[in-house]
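Let's take a walk through a protein model together. Have a look at the picture first, and then we'll go through it piece by piece.

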Amino acid sequence: MIGIFGGTFDPIHYGHLRPAREVMNALGLSEVRFIPAANPPHRRAPQAAAEDRLAMVRLAVADQPGFVVDDRELRRGGPSYTVLTLEELRAELGPDVPLCLLIGADAFAEFETWHQWQRIPQLTHLAVVHRPGSVVTGDSRTWPAWARGRACRDPNELAATSAGRIAFVAVTPQDISATRLRERIARGESPEDSLPPAVWRYIAARRLYSQSQSLERHHP
Ligand code: ATP
């Protein structure tokens, strides 16, 4: 089963990387594909340029067995609808390969706002991971109504079919958010414990998210 992890990754941090590793181990995924979004439909434009976000994801996974980077959403351009990415992957991999989309509990709670969201469970399983602060937990009564009938108690059952089930995977909570990281960096802090060292070096060398960099970007 192949794991798919989309996000803005602005920047990528341990709140992405550690749950991804734990899900990979829990579900026996053959790989996890990190897919940075070009133009996320649901939120403000990313602060860092697409090539910087991609470079940071590459640095973060470089020494991580089984983690790979897929830059298709950046190459494709336009809105990075997950459904389009999944349709492409299905066309490439065929109908029988089990796929599993990794999402945080906060993203799962607002899943019905995603473009053609009903189509997504036809293309992939979902592995939902705990995110501190989210009301969605492993108890499927806290899940959106549409998802409850798809609940899979034993995550090992996912690989038996190619799509359509939802498992909540228990992971070590990581109270890290990219928004808070950007704010801390802009204040001059060095949140090195929340990111891989190579990613922090990249941010520091390019002065990403620093106040002067944001001013340059907003008032060129
Ligand atoms: P922000 O903190 O600004 O909301 P983010 O890190 O959530 O940013 P993305 O990079 O788009 O933004 O997140 C990609 C995916 O990673 C989403 O499914 C999100 O729920 C999940 N995620 C992000 N941070 C965590 C975390 N600390 N724990 C669990 N899941 C997370």
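Start with Arg-21: its charged end sits over the ring of Phe-67, 4.1 Å from the ring's centre. Keep in mind as you look that this model is predicted. You can find another arginine placed over a ring at Arg-18, which lies over the face of Tyr-14, at 4.0 Å from the ring centre.

Now for rings that meet other rings. How many aromatic pairs are there in this model? The count comes to ten. One of them joins Phe-108 and Trp-143, whose ring centres are 5.5 Å apart, with 85 degrees between the planes. Pairs with planes over 60 degrees apart count as edge-to-face, so this pair gets that label. Try tracing the chain from one partner to the other: Phe-108 is in helix α5 (residues 105-109), while Trp-143 is in the loop between β5 (125-129) and α7 (145-148). The two are 35 residues apart, so the pair links distant parts of the chain.

Are these two partners buried or exposed? Phe-108 has 0% relative accessibility, and because buried means under 20%, Phe-108 counts as buried. Trp-143 has a relative accessible area of 4%, so Trp-143 is buried too.

Next, look at Phe-111 and Trp-117, which form an edge-to-face pair as well: the centres are 6.5 Å apart and the planes make an angle of 80 degrees. Both of these residues are buried. If you follow the ring pairs from one to the next, you get a cluster made of Phe-108, Phe-111, Trp-114, Trp-117, Trp-143 and Trp-146.

Let's move on to the ligand. There are 21 residues around the ligand, and Asp-106, Arg-131, Gln-174, Ala-178 and Thr-179 come nearest. Zoom in on Thr-179, and you'll see an N or O atom of its side chain 2.3 Å from an oxygen atom of the ligand. With Gln-174 the backbone takes part: one of its polar backbone atoms is 2.7 Å from a ligand nitrogen. Phe-9 also uses a polar backbone atom, which is 3.0 Å from an oxygen of the ligand. On its own the ligand has 600 Å² of accessible area, and the protein covers 92% of that.

Which elements give two or more residues to the shell around the ligand? They are β1 (2-7), α1 (14-27), β4 (99-104), α5 and α8 (178-186). The most comes from β1, with three residues. Sorted by class, the shell has seven nonpolar, eleven polar and three charged residues.

Notes:
Residues are numbered from 1 along each chain as its sequence is written. This is a predicted model: local features need pLDDT of at least 70, side-chain atom pairs count only at pLDDT 80 or more; totals for chains, interfaces and linings use all residues. Side-chain values use heavy atoms; hydrogens and water are left out. Rings of Phe, Tyr and Trp (its six-membered ring) pair if their centres lie within 6.5 Å; planes under 30 degrees apart count as stacked, over 60 as edge-to-face and the rest as tilted. Helices (H or I, at least four residues) and strands (E, at least two) are DSSP runs, numbered from the N terminus. Buried means under 20% relative accessible area, exposed over 50%, partly exposed in between (1.4 Å probe, protein chains only). A charge sits over a ring if NZ of Lys or CZ of Arg is within 6 Å of the ring centre and within 35 degrees of the ring normal. A residue is near a molecule or strand if one of its heavy atoms lies within 4 Å of it. A polar contact is a pair of N or O atoms within 3.5 Å; within protein, one must be able to donate a hydrogen and the other to accept it, and residues adjacent in sequence count only if both atoms are side-chain atoms. Accessible areas come from the Shrake-Rupley method with a 1.4 Å probe; for residues, only the protein chains shown count as cover. Ala, Val, Leu, Ile, Met, Phe, Trp, Tyr, Cys and Pro count as nonpolar, Asp, Glu, Lys and Arg as charged, and the others, Gly among them, as polar.
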